[in-house]
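These are my notes from a first look through one model. I start with the sheet, then turn to the helices packed around it, and end with a single loop residue.

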Amino acid sequence: MASQDDEVYALTDKGNANLNTAGTTLSAAELQVLVLVDGQSTVAQIAAMARNVPPAKVREILRKFFADRLITTATEPSSDGLESGFFSIAVPAGFFSSLGKEASAEADHGVSTLKQKGYFVRIAQRPAAAREVKEGEQITILVVDDDQDLLKLLRTYMKMEGFTVRTAEKRDDIVAALRQPPKPDLVLLDVQLPDANGFDVLVKMRQHPFMKTIPIVMLTAEATREAVIRGLQGGADGYVTKPFEPDMVVAAVKAVLGLAPLSASGDKK
C-alpha cells in the first residue's frame with residue numbers, strides 16, 4: 001500500500017500492546033515516528049515534525065507499521081481487541097528538532113496538535129541489559145516534587161520495594177540531594193516546582209559530566225504532547241502524566257532501572 005502525504009494514521013490497540021512489553025524491537029527512527037502518530041496529523045505533517053528522519057524514511061516506516069497492523073488509517077476502527085496499557089519504549093534524546101516560527105505549514109499544524117490538552121502517557125525506557133542487584137546493594141531514588149502528600153505516598157511505595165528514598169522540593173534541595181553520596185540511581189522529577197522548572201533541571205543534569213547518566217523520569221501534570229516531547233527531547237528516560245497510580249510509577253522505575261517488572265496481577269517481586 002502506497003502511503004499518501006495526506007493520509008492520517010492512528011495507533012491500533014496492537015500498536016499500543018507492542019509498546020506494552022518489557023522492551024521493544026523498534027529502532028530509534030521507528031520510535032520517533034510512532035510517538036508522532038496521533039490520529040490527526042497527516043504523513044506530510046509527521047515527516048515535517050520528525051526532521052532528523054528523512055521524509056522518505058518516515059513514509060517507509062509508516063508503511064511498515066500499517067502492514068504490521070501497528071497503525072491504521074484514522075477512518076478505520078483502531079481496536080483489534082487488544083488492551084492498551086503501560087508504554088515501555090526507548091526514545092533517544094534530541095531526536096525532535098525545535099518547532100519554531102520558521103517551521104513549515106505542516107509543522108505549524110503539528111504544533112497546534114501537540115499543544116492540545118489531555119495527552120496522558122506512561123513512557124519508560126528499558127535499558128538494553130537487565131540490572132542485577134547484588135546482595136546488600138541499596139538503590140537510591142530521588143523524588144523531586146513540592147506536593148507533600150505525593151512525596152509521602154511515593155516514599156512509602158518506593159521503600160516497600162526496598163529502595164532508599166531522598167526527597168527535594170526546591171532548587172537548593174535538589175542540588176544538596178544530588179551532591180549527597182551515593183549518587184542517586186534514578187530521579188523522579190516534577191516539572192512545576194516553586195523556584196525551578198523541571199525541564200531546565202533535566203537539561204542541566206544532562207549537561208553535567210557526573211549527573212548526565214542518571215536516569216530521569218518526569219512526573220508531571222503537563223499533559224500535552226508538546227510537553228511530553230520536550231521532556232523526551234531533553235533526555236528524559238520516562239514521562240508519566242498525573243494523575244497516576246503509585247504501582248504504575250513503581251513499574252516505570254523498575255523498567256528504567258532494568259529491574260524485574262510488576263507481575264500482571266500487580267504483585268511486587
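Before listing any strand pairs I fixed the term: two strands pair if DSSP finds at least two bridges between them. The model is a predicted one.

Entry 1, overview. I counted the elements and found 10 helices and eight strands in the protein chain. The chain has 269 residues, and 49% of them count as buried. I also looked up how far apart in sequence the contacting residues lie. Among contacts with a separation of 6 or more, 74% are between residues 24 or more positions apart.

Entry 2, the sheet. Which order do the strands of the open sheet follow? I read it as β3-β8-β7-β6-β4-β5, six strands with mixed pairing. The edges are taken by β3 (122–124) and β5 (164–168); each has a single partner strand, so one side of each lacks a neighbour in the sheet. I then looked up the twist: neighbouring strands are turned by 20° against each other on average, with direction ignored.

Entry 3, strand β7. I went through its partners one by one. With β6, strand β7 pairs in the parallel sense over three bridges. On this side, L189 has M218 of β7 as its bridge partner. With β8 (residues 238–241), β7 (residues 216–220) is joined by four bridges, and these two strands run parallel. Here M218 turns up again, with Y239 of β8 as its bridge partner. Is β7 buried or exposed? I found five of its five residues buried, so I note the strand as mostly covered. I216, M218 and T220 point one way from the strand, V217 and L219 the other way.

Entry 4, strand β4. I repeated the check here. All five residues of β4 are buried, so the strand is largely enclosed by the rest of the structure. T140, L142 and V144 point to one side, while I141 and V143 point to the other. Five bridges join β4 to β5, and the two run parallel. One of the bridge partners I noted is T164 of β5, which goes with T140.

Entry 5, helices α6 and α10. How do these two helices pack? I read an angle of about 55° between α6 and α10 (residues 246–257), with the axes 10 Å apart. That makes α6 oblique to α10, because angles from 35 to 65 degrees are neither roughly parallel nor roughly perpendicular. The crossing is right-handed. I listed the contact residues next: L153, L154, Y157 and M158 come from α6, and P246, D247, V249, V250 and V253 come from α10. By type, the residues of this contact are eight nonpolar, no polar and one charged.

Entry 6, residue D190. I looked for its place and found it in the loop between β6 and α8 (198–207). Why does D190 count as buried? Its relative accessibility is 5%, and buried means under 20%, so D190 falls in that class. I then listed its contacts, leaving aside neighbours within four places in sequence. They are V144, D145, D146, G198, L219, T220 and K242. Of these, V144 appears above as a buried residue of β4, and L219 and T220 as buried residues of β7.

Technical notes. Residues are numbered from 1 along each chain as its sequence is written. This is a predicted model: local features need pLDDT of at least 70, side-chain atom pairs count only at pLDDT 80 or more; totals for chains, interfaces and linings use all residues. Side-chain values use heavy atoms; hydrogens and water are left out. Axes are lines fitted to C-alpha atoms, for helices over the stretch in contact, and angles run from 0 to 180 degrees between N-to-C directions. Angles under 35 degrees count as roughly parallel, over 145 as roughly antiparallel, 65 to 115 as roughly perpendicular and the rest as oblique. A crossing is left-handed if the near helix is turned anticlockwise from the far one by less than a right angle, and right-handed if clockwise. Contact means heavy atoms within 4.5 Å. Ala, Val, Leu, Ile, Met, Phe, Trp, Tyr, Cys and Pro count as nonpolar, Asp, Glu, Lys and Arg as charged, and the others, Gly among them, as polar. Buried means under 20% relative accessible area, exposed over 50%, partly exposed in between (1.4 Å probe, protein chains only).
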